[in-house]
Amino acid sequence: QLGANDPNCGWCSDNLGIIYLDSYQLEDALETYQDALNIGYEVDLELHGELLSNIAEALERLGQFAKAVSYYQLAVETGREAYGTNSLEYAVCLASLASIYHEIGNYIQSESLFLVAIRQLELRGDTIHPYYNIMLNNFALHYMGTDQLDKALPLALRSLAITKHIQGQE
């Protein structure tokens, strides 16, 4: 029988929060995620990291960038602890933090984190993974937004090639 502190309840809360987030009921999403965190799911580091990332995303959508950065930073730390620095999940956390740094104008930190996240996936051989493709595309957008089109173009072309490969259009 599941108790209120069972991680399965936490994953259910996380899923409910995702539904709220995807339907732009951002305050409900935040409340749901925060309730799950407050119950004490830190024993399940994967869930804890997921909740932190989702809170950050909701805060970002609400325009609360400083708070969102703090939660993304906590998600990166939790991802490092839960999955290790060579994991896909950790790279995704880094890329999420890179994206918000770009959004708030911290372009140097953004570029640095994108480079680390992409390099980690390349070292893992995850260069056909959809998350790798998303990172390449977001990194290209970063360079476009900073008027570095010479750096954006190769990333966008690589992303397009991966998309065609994934869809079997090569």
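Helix 5 hands over eight residues to the lining of the largest pocket, which is the largest share. That pocket belongs to a predicted model, so read everything below in that light. The rundown here starts with the pocket, moves to helices 3 and 7, and ends with a few single residues.

**The largest pocket**

- The volume of the largest pocket comes out at about 770 Å³.
- Two or more lining residues come from each of helix 3, helix 4 (65–83), helix 5 (88–103) and helix 7.
- The lining counts 24 residues, and those nearest the pocket centre are S53, V92, C93, S96 and Y131.
- Sorted by class, the lining splits into eleven nonpolar, seven polar and six charged residues.

**Helix 3**

- Helix 3 covers residues 45–61, and its 17 residues reach 24 Å from first C-alpha to last, close to the 24 Å expected at 1.5 Å a residue.
- This helix is mostly covered, with twelve of its 17 residues buried.
- Among the buried ones are L47, H48, G49, L51 and L52.
- S53 is on the buried list for helix 3 too, and S53 is also one of the residues nearest the centre of the largest pocket.
- The rest of the buried set in helix 3 includes N54, I55, A56, A58, L59 and E60.
- After helix 3 comes G63, with a positive phi near 80 degrees.

**Helix 7 and N133**

- Helix 7 is residues 130–145.
- Its 16 residues should span 22 Å at 1.5 Å a residue, and the end C-alpha atoms are indeed 22 Å apart, so the two values agree.
- Buried positions in helix 7 are Y132, N133, M135, L136, F139, A140, H142 and Y143.
- Helix 5, helix 6 (107–124) and helix 8 are included in what covers those buried residues.
- N133 sits in helix 7 and counts as buried because its relative accessibility is 10%, below the 20% cut-off.
- The side chains of N133 and T163 are joined by a polar contact of 2.8 Å.
- Setting aside residues up to four places away in sequence, N133 touches S159, I162 and T163.
- Helix 8 is residues 149–166.

**Positive phi outside glycine**

- As background, most residues other than glycine have a negative phi.
- Y24 goes the other way: it isn't a glycine, yet its phi is positive at about 60 degrees.
- You'll find Y24 in the loop between helix 1 (7–22) and helix 2 (26–39).
- With a relative accessibility of 58%, Y24 counts as exposed, since the cut-off for that is over 50%.
- D147 is another non-glycine with a positive phi, about 55 degrees, and this residue comes just after helix 7.
- The loop holding D147 runs between helix 7 and helix 8.
- D147 counts as exposed because its relative accessibility is 70%.

**Helix 4: T78 and E77**

- T78 is a helix 4 residue, and its 10% relative accessibility is why it counts as buried.
- Leaving out neighbours within four places in sequence, T78 is in contact with L45, H48, G49 and L52.
- H48, G49 and L52 are themselves buried residues of helix 3.
- E77 is in helix 4 as well, but at a relative accessible area of 44% E77 is partly exposed.
- From E77 to L94 the C-alpha distance is 9.7 Å, with their positions 17 residues apart in sequence.

**Helix 2: T32**

- T32 belongs to helix 2 and counts as buried, with a relative accessibility of 12%.
- Beyond its neighbours within four places in sequence, T32 is in contact with S13, L16, G17 and Y20.
- T32 and V116 are 84 residues apart along the chain, and their C-alpha atoms are separated by 32 Å.

Methods:
Residues are numbered from 1 along each chain as its sequence is written. Side-chain values use heavy atoms; hydrogens and water are left out. Helices (H or I, at least four residues) and strands (E, at least two) are DSSP runs, numbered from the N terminus. Buried means under 20% relative accessible area, exposed over 50%, partly exposed in between (1.4 Å probe, protein chains only). A polar contact is a pair of N or O atoms within 3.5 Å; within protein, one must be able to donate a hydrogen and the other to accept it, and residues adjacent in sequence count only if both atoms are side-chain atoms. Contact means heavy atoms within 4.5 Å. The expected span of a helix is 1.5 Å times one less than its number of residues. On a 1 Å grid over the protein atoms alone, a cavity is a set of points where a 1.4 Å probe fits but cannot get out, and a pocket is an open set with protein on both sides within 12 Å along at least five of seven lines; lining residues have an atom within 4 Å of a point. Grid points are joined across faces, edges and corners, and a volume is the space filled by probe spheres set on the points. Ala, Val, Leu, Ile, Met, Phe, Trp, Tyr, Cys and Pro count as nonpolar, Asp, Glu, Lys and Arg as charged, and the others, Gly among them, as polar.
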